[in-house]
Amino acid sequence: MSHPGRPGPPVVIVGGLHAEARGAAVARLLADVPGSVVLHHDLATATAGTVVRTVRDATGILSAGEAPLVNDCACCALREDLVPELVRLAEAGGTPLAVVELWDSVEPKAMAEVVTAGGFTVTGVITAVDPALVLPYLGNGDDLAEGGLAAAATDRRTVADTFARQLEYAPVLALADSLPGSPEADDEDRELLAQLHPTARRVPIGHGDPAGAPPASSELARAALAGFDVEAAAAAQHPACALLPAEADAHGVTTLVWHRRRPFHPERLYAALEDLTCAAARSRGRFWLAGKGDTLLHWDAAGGALCVEGAGPWLASLPDAAWELVPPVRRAAAALDWHPEHGDRCQHLVFTSPGLDRDGLERLLESCLLTDAEYAAGQAAWERLPPAFDAFLEV
């Protein structure tokens with residue numbers, strides 16, 4: 001459940017690497033909710049040792065200040081400074097909506113959790129998107145640091161994986177089409193967005209429209225106040241119970257959902273990683289590796305880069321008494337996948353891309369599974385297979 005919230009304005013978080021789209025969404029909210037206030041921490045100055053904070057409304061800047069870095073981490077400074085600023089707004093009163101506009105590469109999940117832990121009610125999380133830029137950003141494997149977008153000296157994220165998480169966490173996407181200097185979005189762009197996050201509420205926003213005019217703008221304001229459950233949002237991103245996209249094929253974009261009940265052969269999967277990673281603009285899910293039957297492995301790929309990590313145990317590997325310690329949503333997800341022999345162990349990978357070679361991808365995935373003879377040899381034999389993934393997983 002969400003935190004009940006201290007007295008104060010409802011908080012909506014607006015983020016996204018598409019800075020112009022984000023600016024358009026924030027302007028739309030300021031125009032549609034009179035008296036609303038925007039808090040923004042600019043992390044671009046972090047290399048100089050400070051984070052610049054501004055508070056503004058529809059008329060302009062109300063106050064500005066600096067927050068010192070915390071442990072050389074700009075995001076840490078944001079966390080330390082954000083809640084006290086919201087407290088000041090609450091004490092001043094009269095603010096119908098506090099809009100937290102995140103700096104480019106800041107991810108909304110962490111900030112939604114900070115605001116909620118601080119006692120405020122997050123009523124909405126919105127990622128602003130220019131649909132024409134979705135594929136270019138998903139295909140951008142550059143480190144954030146190369147574009148001056150890193151939030152700390154130790155930030156090793158890429159443009160692609162950061163954008164993917166921003167996009168998939170938010171239940172509302174504010175779509176800013178036809179921004180100056182940006183190409184026109186086409187049906188393929190819009191379909192890619194729809195398949196990447198099919199459950200999102202997609203709200204078109206005009207650019208530079210007069211306040212109070214277009215009906216789409218009031219829809220964004222309603223979405224900002226609709227309510228948000230931080231715990232449910234976190235569960236929806238966890239690989240064990242993520243709400244992954246479904247099969248789809250339209251306007252040149254395909255989503256393949258690949259679900260199997262047999263473990264991968266570690267060497268063959270390892271040898272195929274590059275081809276699998278580059279087969280789609282975005283792929284994610286969970287998988288089962290022979291020889292590692294206790295560990296649920298998370299697959300997360302974008303921009304030609306793959307992250308594989310352990311995400312805790314398969315529930316089938318736990319003693320019955322431990323199940324009470326597992327969140328109900330996790331138990332429900334396992335029950336949906338349950339197999340009488342293997343429990344919740346399975347392959348559940350989803351690949352989304354324009355021009356996806358579905359047949360070739362399926363053949364490659366199938367070739368990485370244990371053969372009938374290898375499968376029949378049983379668990380003891382699987383444990384003796386070469387541990388090709390140990391270095392990858394830093395075991």
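The following exchange goes through several descriptions of this predicted model and the values behind them.

Colleague: Why are α9 and α11 called roughly antiparallel to each other?

Modeller: The axes of α9 (residues 266-278) and α11 (residues 358-367) cross at roughly 160 degrees. Angles over 145 degrees count as roughly antiparallel, and α9 and α11 are therefore described that way. Their axes come within 9 Å, and α9 passes α11 in a left-handed crossing.

Colleague: Which residues of α9 and α11 meet?

Modeller: From α9 there are Arg-268, Ala-272, Asp-275 and Leu-276, and from α11 there are Leu-361, Leu-364, Leu-365 and Ser-367. By class, this contact has five nonpolar residues, one polar and two charged.

Colleague: What makes α2 oblique to α3?

Modeller: Helix α2 (residues 74-92) and helix α3 (residues 108-117) pack at about 45 degrees, with 10 Å between their axes. Roughly parallel would need an angle under 35 degrees, and roughly perpendicular one of 65 to 115. The angle fits neither range, nor the one over 145 degrees, so α2 is oblique to α3. The crossing of α2 past α3 is right-handed.

Colleague: What makes up the contact of α2 with α3, by class?

Modeller: Eight residues are nonpolar, none is polar and one is charged. On the α2 side they are Leu-78, Arg-79, Leu-82, Val-83 and Leu-86, and on the α3 side Ala-110, Met-111, Val-114 and Val-115. Arg counts as charged, so Arg-79 is the charged residue of this contact.

Colleague: How do you know whether Asp-300 is buried or exposed?

Modeller: Its relative accessible area is 13%. Buried means under 20%, so Asp-300 is buried. This residue is found in strand β12 (residues 295-302).

Colleague: What makes the pairing of the Asp-300 and Arg-282 side chains a polar contact?

Modeller: The two side chains are joined at 2.9 Å, and a polar contact calls for a pair of N or O atoms within 3.5 Å. Not counting residues up to four places away in sequence, Asp-300 also touches Arg-165, Ser-283, Arg-284, Ala-305, Leu-306 and Cys-307.

Colleague: Is His-265 buried or exposed, and how do you know?

Modeller: The value for His-265 is 6% relative accessible area. Set against the limit of under 20%, that makes His-265 buried. It lies in the loop between β10 and α9. Apart from residues up to four places away in sequence, His-265 touches Leu-289, Cys-368, Leu-369, Leu-370, Glu-374 and Leu-385.

Colleague: Why is Val-329 called partly exposed?

Modeller: Its relative accessibility is 42%. Buried would be under 20% and exposed over 50%, so Val-329 falls in between and counts as partly exposed. Val-329 is in helix α10 (residues 328-337). Leaving aside neighbours within four places in sequence, it is in contact with Ala-235 and Cys-241. The C-alpha atoms of Val-329 and Ala-236 are separated by 9.2 Å, while the two residues are 93 apart along the chain.

Colleague: What makes the phi of His-251 worth a remark?

Modeller: Phi of His-251 is positive, about 50 degrees, although this residue is not a glycine. Most residues other than glycine have a negative phi. His-251 is placed in the loop between β9 (248-250) and β10 (253-260).

Colleague: And why does His-251 count as partly exposed?

Modeller: The relative accessibility of His-251 is 48%. Exposed means over 50% and buried under 20%, so His-251 counts as partly exposed.

Key. Residues are numbered from 1 along each chain as its sequence is written. This is a predicted model: local features need pLDDT of at least 70, side-chain atom pairs count only at pLDDT 80 or more; totals for chains, interfaces and linings use all residues. Side-chain values use heavy atoms; hydrogens and water are left out. Axes are lines fitted to C-alpha atoms, for helices over the stretch in contact, and angles run from 0 to 180 degrees between N-to-C directions. Helices (H or I, at least four residues) and strands (E, at least two) are DSSP runs, numbered from the N terminus. A crossing is left-handed if the near helix is turned anticlockwise from the far one by less than a right angle, and right-handed if clockwise. Contact means heavy atoms within 4.5 Å. Buried means under 20% relative accessible area, exposed over 50%, partly exposed in between (1.4 Å probe, protein chains only). A polar contact is a pair of N or O atoms within 3.5 Å; within protein, one must be able to donate a hydrogen and the other to accept it, and residues adjacent in sequence count only if both atoms are side-chain atoms.
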